[in-house]
Amino acid sequence: MAHADTHTEEHAHPHPGADKHDAMEHGGHGSMREYVVGFILSVVLTAIPFWLVMSGAIPDGRTTALVIMAFAIVQIVVHMIYFLHMNTKSENGWTVMALIFTIVIVVIALSGSLWVMYHLNTNMMPMSHDMSQMP
């Protein structure tokens, strides 16, 4: 009996409770159930926009595009939660902070680019879009 006790003490982690701390800090991987739920949600969130486009359920093209973009945003969130395991608990919330920072930078870059291109098109193109009259 004494031999078994010394054996467990020799191989014990040097810091008590370190396993619990590591699991909380790095966030555990999801269970099979979470992966299946994420997969099913991903398939549904892909199939619905595909059906909307192929069936022509929404006659207006702009509305269809907006609905598809909304589905894409929801699918991005599903992937981040179920497959990338991003939440406020993992890595003390830094993954979420990095995500928010990335989203802000992307929105600034995209909106600035679209704004510049719109104004260039408005201010630099000839008034008449009939190119046959150009010299």
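## Glutamine 75

Glutamine 75 counts as buried, because its relative accessibility is 19% and the cut-off for buried is under 20%. The model is predicted. Glutamine 75 has its place in helix α4, which covers residues 61-82.

What is glutamine 75 in contact with, leaving aside its neighbours within four places in sequence? The partners are Ser42, Leu45 and Thr46.

## Helix α3

Helix α3 covers residues 32-55. This helix has 24 residues. From its first C-alpha to its last, α3 reaches 34 Å. That is close to the 34 Å expected at 1.5 Å a residue.

Which residues of α3 are buried? They are Gly38, Ser42, Leu45, Pro49 and Leu52. The buried residues of α3 pack against α4. Ser42 and Leu45 also appear among the contacts of glutamine 75. After α3 comes glycine 56. The phi of glycine 56 is positive, near 70 degrees.

## One aromatic pair

How many aromatic pairs does a search of the whole structure find? It finds one. The partners are tyrosine 35 and phenylalanine 83. Their ring centres are 6.2 Å apart, and the planes differ by 20 degrees. The pair is stacked, because planes under 30 degrees apart count as stacked.

Where do the two partners lie? Tyrosine 35 is in helix α3, while phenylalanine 83 is in the loop between α4 and α5. The pair therefore ties together parts that are 48 residues apart in sequence. Tyrosine 35 is partly exposed, at 29% relative accessibility. Phenylalanine 83 is partly exposed too, with a relative accessible area of 29%.

## The loop between α4 and α5

Histidine 85 lies in the loop between α4 and α5. Is histidine 85 buried or exposed? Histidine 85 counts as buried, because its relative accessibility is 17%. Its side chain makes a polar contact of 3.0 Å with the side chain of tyrosine 35. So tyrosine 35 has a ring partner in this loop, phenylalanine 83, and a polar partner there, histidine 85.

Leucine 84 lies in this loop as well. Leucine 84 is exposed, because its relative accessible area is 57% and the cut-off for exposed is over 50%. Leucine 84 and histidine 29 are 55 residues apart in sequence. In space, the two are 8.9 Å apart, C-alpha to C-alpha.

## The whole chain

What is the secondary structure of the protein? It comes to five helices and zero strands. From the N terminus on, the elements run α-α-α-α-α. Buried residues make up 10% of the 135 residues. The accessible surface comes to about 11300 Å². Carbon and sulfur atoms account for 72% of that surface.

Now take the contacts with a separation of 6 or more. Residues 24 or more positions apart account for 57% of them.

## Annotated spans

An unreviewed UniProt entry carries the annotation "transmembrane region". Which residues does the annotation cover? It covers 35-53, 65-84 and 96-118.

Over residues 65-84 the chain is 90% helix and 0% strand. The end C-alpha atoms of residues 65-84 are 27 Å apart. Residues 96-118 are 100% helix and 0% strand. The end C-alpha atoms of residues 96-118 lie 33 Å apart.

Key: Residues are numbered from 1 along each chain as its sequence is written. This is a predicted model: local features need pLDDT of at least 70, side-chain atom pairs count only at pLDDT 80 or more; totals for chains, interfaces and linings use all residues. Side-chain values use heavy atoms; hydrogens and water are left out. UniProt positions are given in the numbering used here, feature names are shortened, and annotations may be inferred rather than shown by experiment. Helices (H or I, at least four residues) and strands (E, at least two) are DSSP runs, numbered from the N terminus. Buried means under 20% relative accessible area, exposed over 50%, partly exposed in between (1.4 Å probe, protein chains only). Contact means heavy atoms within 4.5 Å. Accessible areas come from the Shrake-Rupley method with a 1.4 Å probe; for residues, only the protein chains shown count as cover. Rings of Phe, Tyr and Trp (its six-membered ring) pair if their centres lie within 6.5 Å; planes under 30 degrees apart count as stacked, over 60 as edge-to-face and the rest as tilted. A polar contact is a pair of N or O atoms within 3.5 Å; within protein, one must be able to donate a hydrogen and the other to accept it, and residues adjacent in sequence count only if both atoms are side-chain atoms. The expected span of a helix is 1.5 Å times one less than its number of residues.
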